[in-house]
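Here is a short report on a structure. Look over the sequence and the fold, then read on.

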Amino acid sequence: MDHYTALDPRFPRSFAHHGLKVYGVAFEAMVRTVELSKKIPRGYRAMADQFKRAATAVVAAIAEGANRRTNAEKADKFAQARTEGGEAAAWCEMLAGLGLLDPDDLVPVVLLYERAVKMLSGLIKTHGGAP
């Protein structure tokens, strides 16, 4: 899935984050996460909410970082996105471990988060932050 497949074509693509490949990877992971969260049983809705929150936070922090002015601000937001990506991947592992979601559905999402985190580490280093 291309990250723009889920983005309505009426939205402009003129913001700084649209030029970052990591935004597309994170966007795809977020869309898949939200879809998977719908399969979590009712008694575990708080977990589903946390799963979705982490996924959307990755995308939002990348966008915010890309649109910041200074390298330090960019590095800080990209580090925040990296942290949220790790949390989202951990939620995949927890939900599989608890038997709430099928690991076969979750592994591709974890791989997307892993890819995004690696890309974010590169961006953090590029902008002068600690890798």
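Which residues touch the most other members of the largest nonpolar core? They are Phe-51, Ile-62, Leu-95 and Tyr-113, in a core of 38 residues. Such a core is a set of buried Ala, Val, Leu, Ile, Met, Phe, Trp, Tyr and Cys residues joined through side-chain atoms within 4.5 Å. Buried means under 20% relative accessible area, with exposed over 50% and partly exposed in between (1.4 Å probe, protein chains only).

Four helices each give two or more residues to this core. Helix 2 gives the most, with ten residues.

| Helix | Residues |
|---|---|
| Helix 2 | 45-66 |
| Helix 3 | 71-97 |
| Helix 4 | 103-126 |

The model is predicted: local features need pLDDT of at least 70, side-chain atom pairs count only at pLDDT 80 or more, and totals for chains, interfaces and linings use all residues. Residues are numbered from 1 along each chain as its sequence is written, and side-chain values use heavy atoms, without hydrogens and water.

Helix 1 spans residues 21-37. Helices are DSSP runs (H or I, at least four residues), numbered from the N terminus. Of the 17 residues in helix 1, 13 are buried.

Leu-95 has contacts beyond its neighbours within four places in sequence: Ile-40, Met-47, Phe-51, Leu-100, Leu-101 and Leu-106. Contact means heavy atoms within 4.5 Å.

Ala-63 lies in helix 2. Ala-63 is buried, at 15% relative accessible area. Outside its neighbours within four places in sequence, Ala-63 contacts His-17 and Tyr-23. His-18 is 45 residues from Ala-63 in sequence, yet 8.1 Å away in space, C-alpha to C-alpha.

Methods:
Expected span 1.5 Å × (residues − 1).
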